[in-house]
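Colleague: Got a minute to go through this model with me? I'd like to hear the reasoning behind each label.

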Amino acid sequence: MTIRTGLGWDVHRLVPGRRFLLGGVEIPSETGELGHSDGDVLAHAVTDALLGAAALGDIGELFPPSDPAWKDADSLALLKTAYNRVRAADWHIINLDCVVICEKPKVLPWREAIRASLAAALSVSPEAVFVKGKTNEGLGDTGTGRAVEAMATVLLEKRL
Ligand code: MG
């Protein structure tokens, strides 16, 4: 067996009139993620972690923001498409760990729903997926509620 680690990061502006999505879960919020797609910052970070671990490119290459096909796209569907490529290369998830950074809303009450949503999208057990919420201690655009960031790290295995 060989293993590979992958890292993903993303940031989106937060504006009124948009949905706030984390890993496919819509969270009640006064602001939501601005983006060409649905703006799901966590799904994007996870997608890049998976693609990076398998050395198969990045989310911007697979789904260019300049392509109208991805306007308002369901980011969980993009994640599934990316993971299908990863699996086609014979890589499988051992575990996925994530951090979401925003001042509000609180992520913790939604943790289990987000874990379940990502696990279902990736056909793994929720035990293999974890998510933590952090604030940015009031610092910078994320700390003043103008942005949300997400980081993800994944471990993949390939049986030889
Ligand atoms: Mg993004």
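What follows is a chat about how the labels on this predicted model come about.

Colleague: Let's start with the metal. What makes Asp10, His12 and His44 donors of the magnesium ion?

Modeller: The cut-off for a donor here is 2.8 Å from the metal. Asp10 (OD), His12 (NE2) and His44 (ND1) coordinate the magnesium ion at 2.0 to 2.2 Å, so they count as donors. Along the chain their spacing reads D-x1-H-x31-H. Asp10 lies in strand E1 and His44 in helix H1 (residues 41-53), so this pair ties together parts that are 34 residues apart in sequence.

Colleague: Are Asp10 and His44 buried or exposed?

Modeller: Asp10 is buried, and His44 is buried too.

Colleague: And how far from His44 is Gly60, going by C-alpha atoms?

Modeller: Their C-alpha atoms are separated by 9.6 Å, with the two positions 16 residues apart along the chain counted as their spacing. Gly60 itself sits in helix H2.

Colleague: Why is Gly60 called partly exposed?

Modeller: Its relative accessible area is 34%. Partly exposed runs between the 20% limit for buried and the 50% limit for exposed, so Gly60 falls in that middle class.

Colleague: What about Met1: why does that one count as exposed?

Modeller: Exposed means over 50%, and Met1 has 58% relative accessibility, so the label fits. Met1 is found in the segment before strand E1 (2-16). Together with Ile3 and Ile94, Met1 makes a nonpolar surface patch of about 280 Å².

Colleague: Now the inside. Which residues have the most contacts inside the largest nonpolar core?

Modeller: Those are Leu42, Val46, Leu50 and Leu118, in a core of 45 residues. The elements giving two or more residues to this core include H1, helix H3 (75-88), helix H4 (111-122) and strand E5 (92-101). H1 gives the largest share, eight residues.

Colleague: What does Leu42 touch, leaving out residues up to four places away in sequence?

Modeller: Leu42 touches Leu22, Gly23, Cys98, Val100, Ile114, Leu118, Val131 and Ala150.

Colleague: How do you know that Leu79 is buried?

Modeller: Buried means under 20%, and Leu79 comes out at 0% relative accessibility, so Leu79 counts as buried. The residue is in helix H3. Leaving out residues up to four places away in sequence, Leu79 touches Ala43, Val46, Thr47, Leu50, Leu118, Ala121 and Leu122. As for Pro64, Leu79 is 15 residues from that residue in sequence and 14 Å away in space, C-alpha to C-alpha.

Colleague: On to charges. What makes Asp72 and Arg18 a salt bridge?

Modeller: The rule asks for a side-chain nitrogen within 4 Å of a carboxyl oxygen. Asp72 and Arg18 meet at 3.8 Å, N to O, so the pair qualifies. Asp72 lies in the loop between H2 and H3, and Arg18 in the loop between E1 and strand E2 (21-22), so parts 54 residues apart in sequence are tied together.

Colleague: Why are Asp72 and Arg18 both labelled partly exposed?

Modeller: Asp72 has 48% relative accessibility and Arg18 has a relative accessible area of 23%. Both values sit between 20% and 50%, so each gets the middle label.

Colleague: Which residue pairs with Glu26 in a salt bridge?

Modeller: Arg19 does, at 3.3 Å, N to O. Glu26 is partly exposed at 44%, and Arg19 is partly exposed at 45%.

Colleague: And how do you know that Arg115 forms a salt bridge with Glu112?

Modeller: Their closest N and O atoms are 3.1 Å apart, and the limit is 4 Å, so the pair counts. Being three residues apart in helix H4, Arg115 and Glu112 are separated by about one helical turn.

Colleague: Why do the labels of Arg115 and Glu112 read buried and partly exposed?

Modeller: Arg115 has 10% relative accessibility, under the 20% limit, so it counts as buried. Glu112 has 49%, which means partly exposed. Arg115 also touches Pro126, Glu127, Val129, Phe130 and Val131, not counting residues up to four places away in sequence.

Colleague: How many salt bridges does the rule give?

Modeller: The count comes to seven.

Conventions
Residues are numbered from 1 along each chain as its sequence is written. This is a predicted model: local features need pLDDT of at least 70, side-chain atom pairs count only at pLDDT 80 or more; totals for chains, interfaces and linings use all residues. Side-chain values use heavy atoms; hydrogens and water are left out. Patches are made of residues with over 30% relative accessible area and no salt bridge: like charges are joined within 9 Å, nonpolar side chains (Val, Leu, Ile, Met, Phe, Trp, Tyr) within 5 Å. Accessible areas come from the Shrake-Rupley method with a 1.4 Å probe; for residues, only the protein chains shown count as cover. Helices (H or I, at least four residues) and strands (E, at least two) are DSSP runs, numbered from the N terminus. Buried means under 20% relative accessible area, exposed over 50%, partly exposed in between (1.4 Å probe, protein chains only). Donors are N, O and S atoms within 2.8 Å of the metal (3.2 Å for Na, K and Ca); water is not among the atoms, so sites may look incomplete. A nonpolar core is a set of buried Ala, Val, Leu, Ile, Met, Phe, Trp, Tyr and Cys residues joined through side-chain atoms within 4.5 Å. Contact means heavy atoms within 4.5 Å.
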